[in-house]
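User: I would like to learn how to read cores and cysteines in a model. Please go through them one at a time.
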Amino acid sequence: MATILAVDDSASLRQMVVFTLKEAGYDVMEAADGAAGLEAAKSKAADLVISDINMPNMDGITLVRELRGLPDYKFTPILLLTTESSDEKKQEGKAAGATGWLVKPFDPEKLMSTIKRVLG
Amino acid sequence: MTIDISQFVQAFLDESFEGLDLMEVELLREQALDSEQVNAIFRAAHSIKGSAGTFGFAAVSEFTHGAETLLDEVRDGKREMTAEIRGLMLEAVDRIREMLLAARAGGAHHAAGGPATAARIETMLASAHGCPDDKSQPAQRTAVATEPAAPIPTDASTDAPDTRPWEIVFVPEPALLRSGNDPMRIFSWLGELGDLTVECVTRTLPPLGALAPEDCQLQWRLALPGTVDEAAIREAFEWVEDQCSLTLGRVGDAAAAQPDEVPATAPAHTPAPQSAGTAERPVGSNGAPVERRADAASIRVATEKVDTLVNMVGELVITQAMINTIGHSADELDARAVDHLRQGLALLERNTRELQEAVLSVRMLPINFVFSRFPRVVRDLSTQLGKRVNLKIIGEDTELDKGLIEKLVDPLTHLVRNAIDHGIESPERRRAAGKPETGTLVLRAGHEGGNILIEITDDGAGLNRERILEKARSQGMPVPEQPSDRDIWQLIFAPGFSTAETVTDVSGRGVGMDVVRRNIEAVNGRLDIDSKPGEGTRLTVRLPLTLAILDGMSVRVGEEVYILPLTAILESLKPTPDQLHSVSGRGRVVRLRGDYIPLVPLHHVFNVPATYERPEDGIVVVVESSEDRAALFVDELIAQHQVVIKSLETNYRKVPGVSGATIMGDGRVAMILDVDSLTRLQDTVH
């Protein structure tokens, strides 16, 4: 089963994401900020990264940029969590190398359908 | 798959309250905020907004949106963090907290002042920016995302639904794969919308030698039934529209171009313009910002789980004690075996203690959880009373039991409010007294032996002996002859006592020091007062490190063993007959350095047979409660140990004179004595 890395500084959102993905049978790694996310990503290659944008230590955009610089993550789907109003952020994320985005607020169903879109 | 998201609501509330506390702390800073502090405030608001929407608190999300937008403008340098904005944000913090508290209580998540605050934020947002920034576009305040303009003209002229099949020409730019997107996945997504036909255009492929495996050099022509919704098709390409040339049209439209005629120079992969304000976050070089400890280094553990662990370790401690007892009494074993057994036991004891400490530490929280609310309390209250107060907080990292922390909030808040209300004088009076106009209030936490010490010190007027005495007499309270300071300070702990000349809405409403002291004693703590007229008052709260374990002294009465909390014991002695006196109406007393202390024979209190009937044959333990002292007469002292407290009320019922029970090393149950009620009981047993 695919391994998914979930990065979010909000424990509750992370909990929901992690719980939903585990229920769906994925292996899940989690991290509370971009820097920790990058470390986790280096320790084990994930098949998908889902990351929040606004986080302490390292934001999601920088994380995407860093990940794309790693050989293991050249083609890995990376989804950013963004709020509906941040069209600017979507573009900034894309420019950094993000695959796509998931608009907050989202529910487990929406999360799963988005995951299917990138993991098939 | 359905997932019940309500199970995450508690975590959401916890983290949101933490976020609000953080916002408050930062907003209350005296100095100007640096960009990292503003960022932290913004992130907290942003997080609350995002999560609130997800967990079904739309009103919270909507309300927070305004605050977040304003903070975003500050963050981007479009506005300055003025005192007005700080005030407004503090107000917003209060409203959000009210909403979440209401939500936690199960009510509708609304705050009474919410609309008014929201309106003020809106007004602020509508006002001109605080600082000029020509490059900044008008702040995007609408929550609605503008759909990116479609690159292709759509067929808008038809009235009847157009059911001609869709024809799609998809020409990705070479770098498409490097954004993690994969045309095959887009196609499989499209395939779920309807019957999809995919035709790969290979004519554009370069010769084999020029193939770049990491580039996407193919083009595709796709067909979908005309009944498929256009928006759904566009959504499938949403993530790649900046990385491809996409032609979407109905069969027969001129717009549907031939794939190989489409120049493969889709929008160049230009990095999005970096907005001036969002350069790299300042990463501290040598002046690195101090990490907030709550950020990464903390975990969230359900209290029940920790409680279970604490109980398990408690059992382990008991088992260890049990084996220890065997080890010490096993004389039948040969010396070597006993030696080994003892070595093993020493190890077990060490391990057990370490495990116990480690597990207890999970329950420990920095006292900052309580202290962090005081800057706000002090600010609000001193403003309200027209006083100037400088608050100093020392030792806020001192950790104590979570259960204790929760029980400390009310008493400490009361003491702080008291210190500002009654302690620190108005600026005029301070000036007249030759003191700086701004008073100082110091909150200090630290360790003292096995205890936590919390001091609340003000440099105010101090307690007024005369006024307290006068008040006590006028309220008909018993006042000792020639009272010492200590006697007088005790008076303010009497129920209903208040010396405030005017009953403010701050304090002096009868919920007095007696309640504060009772709350502190309820967690095995002690409250002491020290005061000098004109110089100020110091209140000292002493607390045990944890609620679960007690340092105790075991004493024997006949067959029974009782535990006395070590903190209550002043001394133990074997009285000589001339130290024992009978006082009419008060029973027997022990004379100790001129003081007469009531003698309380424990075998009378609990009505059990004792080995010794005469105190001079046994031992008396002098204990002190907050109100009085007593000399407990027991048969002998056994040993000092840490005992695990088991609630008697949970397992049996409340027993006078007993605060709990524990299981001794030999498996017997021993009662833990409640010294306070014993000193009160003394009058009823004789």
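User: Which residues is Leu21(A) in contact with, leaving aside its neighbours within four places in sequence?

Analyst: Contact means heavy atoms within 4.5 Å. For Leu21(A), the partners beyond four places in sequence are Ile4(A), Tyr26(A), Val28(A), Ile50(A), Leu111(A), Met112(A) and Ile115(A). This is a predicted model, in which local features need pLDDT of at least 70 and side-chain atom pairs pLDDT 80 or more, while totals for chains, interfaces and linings use all residues. Residues are numbered from 1 along each chain as written, chains are lettered from A and ligands numbered from 1 in written order, and side-chain values use heavy atoms, without hydrogens and water.

User: How many residues does the largest nonpolar core have?

Analyst: A nonpolar core is a set of buried Ala, Val, Leu, Ile, Met, Phe, Trp, Tyr and Cys residues joined through side-chain atoms within 4.5 Å. Buried means under 20% relative accessible area, exposed over 50%, and partly exposed in between (1.4 Å probe, protein chains only). The largest core has 65 residues, and Leu21(A), Met23(B) and Met89(B) have the most contacts inside it.

User: How many disulfides does a search of the whole structure find?

Analyst: A disulfide is a covalent bond between the sulfur atoms of two cysteines; the cut-off is a pair of sulfur atoms within 2.5 Å. The search over all chains finds zero.

User: Why is Cys216(B) not bonded to Cys200(B)?

Analyst: Their sulfur atoms are 8.8 Å apart, too far for a bond. Cys216(B) is buried at 8% relative accessible area, whereas Cys200(B) is partly exposed at 37%.
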